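Reader: I have a structure open and don't know where to start. Can we go through it together?

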Amino acid sequence: MHLVHSQTIQLHDFIGEYIPPYAILSHRWENEEITYTDMQRGSRRKRRSKAGYAKLKKSCAQASKDGLEYVWIDTCCIDKSSSAELSEAINSMFKWYRDANICYAYLSDVRFWFPENPEAVSHFQASMWFTRGWTLQELIAPKIVNFFMCGPTGWDLVGSKNDLLSILAGSTGINESVLRGEDFRNCSVATRMSWAARRVTTRAEDLAYCLLGLFDVNMPLLYGEGEKAFIRLQEEIMRGSDDHSLFVWRSKSSKTSKMTSRLSGLLADSPSQFRDCPTLVSLPDFASSVPYSMTNRGLQIELPLVEG
């Protein structure tokens, strides 16, 4: 695991079980981010000339202020030239956010904040940070999340996750109990999918990969497979769960949507098809239920009939 030293702003490598306490950053990628290559080979002067250096420096300064010696930032702590390292990082991402001492969520498009002002609250909720696929797990996994905005000092505290529970729940559709730290695995598969229904990623495959931690699954990364990645994700979920809510989704077709009225199987094409399932509860286990399985001829499943 690569970590940035909060005072020297240099990369340090940690191999094995011991990982020192660290802060972790949640943000949106923007222009001129500091990359792993910049940290390894670029001159300090060149790094400082890039727009992303200010975010790196502010993250380190905040971590140092909080008594933490190291920070993890996805832009510069993953060697993306190594497919093996990238795969390990994405499959470990949820764990890394969960194990962090504190997470800094930086909302660069939020410019003002007054908690009693409805306009300020709406401005905060309209941040693009709430629309990104990767920031979903970055909100849920850490125990402590502090939100910062791009205010007069460039890095101003808005509040903690606990301070903003109702506002965050309104923005994300996630239950306040989950945001407080209740085990999200108590929520049905369809409900967890609904949290990602209105989120987007730059790469089609990442819409599946960013959900691995929320469903406690691992799978190899195959960039280039497109929407098939989401099908593979659902197949992995089926291997470890008998939650039938995975099949409760609704096709959305319109003239402007890529989704059409074509025939489809029991698996959804995208998390967006679960947007109507935020409160769906999975059925209790039945003693007589038969495990379902995916075969080369499709899904083999037996479902109970429940009187409504």
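Author: What follows is a short talk through the domains, the salt bridges and a few single residues.

Reader: What kind of model is it, and how are residues numbered?

Author: This is a predicted model, in which local features need pLDDT of at least 70 and side-chain atom pairs count only at pLDDT 80 or more, while totals for chains, interfaces and linings use all residues. Residues are numbered from 1 along each chain as its sequence is written, and side-chain values use heavy atoms, with hydrogens and water left out.

Reader: OK, which domains does the chain have?

Author: The assignment gives domain 1 (1–182) and domain 2 (185–302). Such bounds come from an automatic or database domain assignment. Taken over C-alpha atoms, the centres of domain 1 and domain 2 are 27 Å apart.

Reader: How many residues of domain 1 are in contact with domain 2?

Author: 21 residues of domain 1 are in contact with 21 residues of domain 2, where contact means heavy atoms within 4.5 Å.

Reader: And how much area do they bury between them?

Author: About 1800 Å², with 58% of it on carbon and sulfur atoms. Buried area here is the accessible area (1.4 Å probe) that two parts lose on being put together, summed over both. In domain 1, Asn91, Trp134 and Leu136 lose the most area to domain 2, together 30% of what that side buries.

Reader: How many salt bridges cross that interface?

Author: The rule finds 0 salt bridges across the interface of domain 1 and domain 2. A salt bridge needs a side-chain nitrogen of Lys or Arg within 4 Å of a carboxyl oxygen of Asp or Glu. Across that interface there are 7 residue pairs in polar contact, both residues at pLDDT 80 or more. A polar contact is a pair of N or O atoms within 3.5 Å; within protein, one must be able to donate a hydrogen and the other to accept it, and residues adjacent in sequence count only if both atoms are side-chain atoms.

Reader: Which elements does domain 1 use to touch domain 2?

Author: The elements giving two or more residues to that side are α4 (83–99) and α6 (134–140). Helices (H or I, at least four residues) and strands (E, at least two) are DSSP runs, numbered from the N terminus. By class, the side of domain 1 that touches domain 2 has 10 nonpolar, 9 polar and 2 charged residues. Ala, Val, Leu, Ile, Met, Phe, Trp, Tyr, Cys and Pro count as nonpolar, Asp, Glu, Lys and Arg as charged, and the others, Gly among them, as polar.

Reader: Back to salt bridges. How many are in the whole structure?

Author: A search of the whole structure finds 13. One of them joins Asp38 and Lys50, with the closest N and O atoms 2.7 Å apart. That pair links distant parts of the chain: Asp38 sits in helix α1 (residues 36–40) and Lys50 in the loop between α2 (44–49) and α3 (53–65), 12 residues apart.

Reader: Is Asp38 buried or exposed?

Author: Asp38 is buried, at 9% relative accessible area. Buried means under 20% relative accessible area, exposed over 50%, and partly exposed in between (1.4 Å probe, protein chains only).

Reader: What about a pair inside one helix?

Author: Arg239 and Glu236 form a salt bridge at 2.9 Å, N to O. Both lie in helix α11, 3 residues apart, about one turn of the helix. Arg239 is exposed at 61%, and Glu236 is partly exposed at 24%.

Reader: Which residues are linked in a network?

Author: Salt bridges link Arg28, Glu30, Glu33, Lys55 and Asp109 in a network. Within it, the side chains of Glu30 and Arg28 meet at 3.6 Å, N to O.

Reader: New topic. Which way does phi usually go?

Author: Most residues other than glycine have a negative phi. Ile9 has a positive phi of about 55° although it is not a glycine, and Asp216 has one near 50°.

Reader: Where are those two?

Author: Ile9 lies in the loop between β1 (2–5) and β2 (11–13) and is buried, at 11%. Asp216 lies in the loop between α10 (206–209) and α11 (228–240) and is exposed, at 59%.

Reader: Last one: what does Gln234 touch?

Author: Leaving out residues up to four places away in sequence, Gln234 touches Met193, Leu246, Leu267, Ala268 and Phe274. Gln234 lies in helix α11 and counts as buried, at 0% relative accessibility.
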